Amino acid sequence: MLVSEFMLQQTRVETVAPYYGKWLKRFPGFAALADATPDEVMLAWKGLGYYSRARNLHRTAQMVRDNHGGELPEDPVALRSLPGIGEYTAGAVASIAFGRRVAAVDGNVRRVLARLLDLPHPTPAQLRRAAARLLDPDRPGDHNEAMMELGATICTPRAPRCGECPVAASCTALAAGTVSRRPAPRPPRQVPRVDYATVVALDPAGRILLAKRPETGLLADMWEFPSARLTPPPASPADRRSPSETRTTQPERAAPTPAALAHLAALGYHGQPAATLAPVRHAFTHLRATYHPIVTFCENEGRDARDHPGPTTTWINPAHLDGYALPVAQQRIGALLTAWIAGNRPRASG
DNA sequence: GACTCGTGGAA
DNA sequence: TTTCCAAGAGT
């Protein structure tokens, strides 16, 4: 249940389903997960997104092993202290798995309560009080699941089916005619557009260069083709409050070559662009990225990550790309590269 | 309270 | 094609 709760944070059931079974087979319990390496954990989470969840679940497994005798604590306060377990997950696990009398307020329950009580801007404290007051003390787990299921199937964000709702008679927002505006949606923010030059370096043996991302921030601890930002950093958060009517003047297509070669030189390699692959677009939660992949032939002077400072890098056989934790956009670049190599194989003998 | 942090699917 | 999310947690 802990694995499913981690995976379901901000993620749909249909997306999680294929990962869940494979994960439990790969890591059958806390001990197996705790003993795994970070790379093994990231590889199993590859493609699921919000990768800090994987690192936190890994750390939680190690804390369960080292501090809790190998068994997950049942007390919601103890659960709350584990990495990646917040107020919601602690309440869900404690009530559903262990029968503790605590509420679990997720996005669905928040919406249900906001409508039942007609609260436009419910605070976490208001939601905690309301959920605790309504909780069925005899069946807290079933109650919490029922609240979430009600929000997922009847009390939906758009087009709620109030005619089928079992608690419609108690719904304050329904009586007031404000259901569609409860809770009030937050005003949209402008999403920055960012262009990256992506270096696909090929050595004479046909191997490609990968770099490991920093252990914090976007796509932490994931592998990627070395990339350099082409567009200036986004404006300060306060400057992008308004909707997208004022689209920033980003170039439709950035010129990638100089920055790409500069980045490559910074890594200690030099070469000439052999081809430019099709741009790859990818929408993150708060960022819309466009990667401009450049294929370049490089002399691999037998160097690897231990021979020079800077980011961790490694040369790999393109056929082994699946063995590395690459985010989705980088996997797409890898697919483009594979196709390009296949189309250029006859000329590669020189 | 504001902000960061992925992805795929529906509208 | 673009928007808007969906079973949150950490800073």
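Which atoms of the R288 side chain lie 3.4 Å from a phosphate oxygen of DNA strand C? In this predicted model, an N or O atom in the side chain of R288 is found at that distance from a phosphate oxygen of DNA strand C. Two further phosphate contacts to this strand involve the protein backbone. A backbone N or O atom of G86 is 3.0 Å from a phosphate oxygen of DNA strand C, and a backbone N or O atom of Y88 is 3.4 Å from a phosphate oxygen of the strand.

The surroundings of DNA strand C comprise 22 residues, of which Q10, G84, T89, D106 and N108 are the closest. Of the atoms of DNA strand C that come within 4 Å of the protein, 68% belong to sugar and phosphate. Helices α7 (87-97) and α8 (107-116) each contribute at least two residues to this surface. By class, the surface near DNA strand C is made up of six nonpolar, nine polar and seven charged residues.

DNA strand B is likewise surrounded by 22 residues, with Y51, L219, H282, A283 and T285 as the closest. Sugar and phosphate make up 64% of the atoms of DNA strand B that come within 4 Å of the protein. The surface near DNA strand B is composed of 10 nonpolar, eight polar and four charged residues. Polar atoms of the protein approach a base, a sugar or linking oxygen, and a phosphate of this strand. A polar backbone atom of Q10 lies 3.0 Å from a base nitrogen of DNA strand B. A polar backbone atom of Y50 lies 2.9 Å from a sugar or linking oxygen of the strand. An N or O atom in the side chain of R189 is 3.1 Å from a phosphate oxygen of DNA strand B.

Q10 thus appears both among the residues closest to DNA strand C and in a backbone approach to a base nitrogen of DNA strand B. Q10 is located in the loop between α1 and α2, and its phi is near 60°, a positive value in a residue other than glycine. With the DNA left out of the calculation, Q10 is exposed, at a relative accessible area of 71%. A second residue other than glycine with a positive phi is A159, for which the angle is near 50°. A159 occupies the loop between α10 (140-153) and α11 and counts as exposed at 64% relative accessibility.

Further backbone features occur elsewhere in the chain. The peptide bond from R182 to P183 is cis, with omega near -10°. P183 is situated in the loop between α11 (172-176) and β1 (193-202). G47, just after α4, adopts a positive phi of about 95°.

Helix α4 (residues 38-45) has V41, M42 and W45 among its residues, and these three are buried. They lie on the same side of α4, because they cover an arc of only 95° around the axis. This arrangement accords with the geometry of an α-helix: with 3.6 residues a turn, residues three or four places apart point the same way. The cover over the buried residues of α4 includes α1 (2-8), α2 (13-26), α3 (30-35) and α5 (52-67).

M42 is also one of the residues touched by D221, along with R55, K212, R213, P214 and E215. D221 belongs to the loop between β2 (208-212) and β3 (223-224) and is buried, with a relative accessible area of 15%. H292, in strand β7 (residues 288-297), is likewise buried, at 1% relative accessibility. The side chain of H292 makes a polar contact of 2.7 Å with the side chain of D195.

A search of the whole structure for disulfides returned zero. The sulfur of C162 has its closest cysteine sulfur in C171, and because the two are 6.3 Å apart, they are too far from each other for a bond; a disulfide would require sulfur atoms within 2.5 Å. C171 accordingly takes part in no disulfide. C162 is partly exposed, with a relative accessible area of 25%, whereas C171 is buried, at 13%.

How values were computed
Residues are numbered from 1 along each chain as its sequence is written. Chains are lettered from A and ligands numbered from 1 in the order in which they are written. This is a predicted model: local features need pLDDT of at least 70, side-chain atom pairs count only at pLDDT 80 or more; totals for chains, interfaces and linings use all residues. Side-chain values use heavy atoms; hydrogens and water are left out. Buried means under 20% relative accessible area, exposed over 50%, partly exposed in between (1.4 Å probe, protein chains only). Helices (H or I, at least four residues) and strands (E, at least two) are DSSP runs, numbered from the N terminus. Contact means heavy atoms within 4.5 Å. A polar contact is a pair of N or O atoms within 3.5 Å; within protein, one must be able to donate a hydrogen and the other to accept it, and residues adjacent in sequence count only if both atoms are side-chain atoms. A residue is near a molecule or strand if one of its heavy atoms lies within 4 Å of it. Ala, Val, Leu, Ile, Met, Phe, Trp, Tyr, Cys and Pro count as nonpolar, Asp, Glu, Lys and Arg as charged, and the others, Gly among them, as polar. The arc is that of the directions from the helix axis to the C-beta atoms.
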